[in-house]
Amino acid sequence: MALSIRKFDVVIVGAGGSGLRAALELSSAGLKVAVLSKVFPTRSHTVAAQGGVGAALGNMGEDSWQWHMYDTIKGSDWLGDQDAIEFMCRMAPEVVIELEHFGMPFDRNDNGTIYQRPFGGHSANFGEKPVQRSCCAADRTGHAMLHALYQRNVYARTQFFVEWMALDLVRDAEGAVLGVTALEMETGQVVLFHAKATLFATGGGGRIFHSSTNAFINTGDGVGMAARAGIPLEDMEFWQFHPTGVAGAGVLITEGVRGEGGILLNKNGERFMERYAPHVKDLASRDVVSRAMATEIKEGRGAGEHADHILLKLDHLGPEVIDKRLPGIREIAIKFANVDPIKEPIPVVPTCHYQMGGIPTNYRGEVVVPEGGAVPGFYAAGECGCASIHGANRLGTNSLTDLLVMGKSAGMSVLEYLKGQGSHRPLPKDAGENALARLARLDGQQGGEDVNEVRGEIQRTMQAHCGVFRFPDMLAQGVEKIRALEGRMGRTGIKDKSKVFNTARIEALELDNIYETARATMVCAQAREESRGAHDRADFPKRDDEKWLKHSLWYKAGDRLAYKAVNLKPLTVESIEPKARVY
Amino acid sequence: MPVDERERERLRWRSRRGLLELDLVLQRFWAPPGPEIDAAQGRALAKLLAMPDNDLLDLVMDRVPNADPALEQMLVRLKAA
């Protein structure tokens, strides 16, 4: 297959919040910037963000970035790097005001300042009382952010390559990153984007789980490409889950349902939360409820044909209460669970929401590895990157803050890097061959494994063996199962071999990324013998700072693990020392 | 006259959305053996898929009325999916 080459100063993969923010920084400086995206930029998964952007503007009362920093570190269960967290919290007000000036229609107070809503986990005076810190645009914050940033990028002459899928990184013998290979869906043509700097902003890979709130595009593409190029992945065992997503669909059922009197039942019709939390029962905290649900399923008391979900019963509340207080929930249950909660319980299951780990970076968005520090020419931001701001658990509203701050920061770092660079580094002779070989293997495969079946197998394995609450026997079996899938992964096949808009080919290529993301997650989770933040183990129920106050690094080659220290030293203020995380 | 195979594939890819809810609705719409789509329906679907995710979801969930009669037939099919 012919490989044409296009030259840019910078190539950015992904056009969600962080990709667009980084692109704007670079295009505004006059650089020639290519942004590749599988879907139209404003249909990136950032559009799903409703909660807001966390920033200590202090518009609703006293607030400070130090308090935001404390909340973020505590939220991370002390696994977050405190230099990166200080950086994000200090820069948050600046990027929010910038976004306002870009045209973002934030909700406002009567005096014209940005309105800020309360959000769980955010406090004033180091945990003393709740604070209103989330800047939002009604329930369409992500949508408004994408539109504001996209329009500014059009003005700044960013070149968008829409419906292009990045395939693999291009590195030279010294390990420098020289760009990516990418497939144009319209033509099936593969192009090598030769760049002085390459920035990944590909979002999370939540589709590795059977039950996920993530859109179908979230297949861990950046993480997969990095892993195949020899870059380790950091803290991949940490995924945020929500206790009640519609089983088999992933759409969230708000926790308000239990607040209004909804109760959880196992297959025997038992209100099992009475055993796990005798006083508060179904109103126990998110982690307690998730753990109880996972235990019921693991011990064979799950409902349904595959005994794989829990029932959320509302019918006892009566149609008036359901219609009046929970109208959206009835709509969701009918549409996505095919049940009317006035008559039947809703099947629910703990559901994956957010990836805390990813491609290891520092707070400047430079990809850093133990072997030699910063990888020349390679940057990552947003959910695919791990700075590490969120550590073992992300605080609500900090995902959008991360997008803006890290997108801008990575953009600024690229600008600085390019000042010292002359022309493009020369491409090695075999540049792009890894991606071409992957495509040739797929096209040449006769009677191969069905992509949908293998994806389903990965997702079910991750859900059952590495879900919200993790058991040692299940993890051990999970590692075996995921490793055993390697053979099938090498034989995936597609029946449709056409070049033009071949969605089967795209889904097969995505599956490679899903597999890398899943395997890293499973191996890291089995190795981490403690419970911290979102990583919750039945056999090691406590956090163990003596042994495990460190980041995991997973290498694809040899399924190898290494570890690196958590940076407990902020940039300018005193360290916030680890203590129990109690709310 | 049905839309040609490549146009079908293009529409199928554009059914990949930023919102999971739309992914699920459209996944059902495309479920094997796949929907029959003629040229006019293809144009209507393309127009719906070009809408912002939140606006399309509001239409599909009946939260707002549809103002474009040319889209109605396709919208009814999506809602029924």
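Biologist: Salt bridge here: a side-chain nitrogen of Lys or Arg within 4 Å of a carboxyl oxygen of Asp or Glu. How many are there between chain A and chain B?

Modeller: The count is 9. This is a predicted model, where local features need pLDDT of at least 70, side-chain atom pairs need 80 or more, and totals for chains, interfaces and linings use all residues. Residues are numbered from 1 along each chain as written, chains are lettered from A and ligands numbered from 1 in written order, and side-chain values use heavy atoms, without hydrogens or water.

Biologist: Which side chain does Glu163(A) meet in a salt bridge?

Modeller: That of Arg14(B), at 2.7 Å, N to O. On the chain A side, the elements giving two or more residues are α4 (141-155), α10 (327-337) and α15. The largest share, 5 residues, comes from α15(A).

Biologist: How many residues of each chain are in contact?

Modeller: 36 of chain A with 31 of chain B, taking heavy atoms within 4.5 Å. The pair buries about 2800 Å², meaning accessible area (1.4 Å probe) lost by both parts together. Carbon and sulfur atoms give 53% of that area. Arg43(A), Phe216(A) and Lys335(A) lose the most on the chain A side, together 27% of what that side buries.

Biologist: New topic. Why does the length of α13(A) look right?

Modeller: Helix α13 of chain A has 15 residues, 451-465, so at 1.5 Å a residue it should span 21 Å. Its end C-alpha atoms are 21 Å apart, which agrees. The expected span is 1.5 Å times one less than the residue count. Helices are DSSP runs (H or I, at least four residues), strands likewise (E, at least two).

Biologist: What do the buried residues of α13(A) pack against?

Modeller: Strands β14 (346-355), β19 (449-450) and β20 (492-493), plus helices α14 (472-489) and α15 (503-527), in chain A. Those buried residues (under 20% relative accessible area) include Val454(A), Ile458(A) and Met462(A). Arg455(A) and His465(A) are also buried.

Key. Buried < 20%, exposed > 50% of the residue type's maximum accessible area, 1.4 Å probe, protein only. Buried area = accessible area lost by both parts, 1.4 Å probe.
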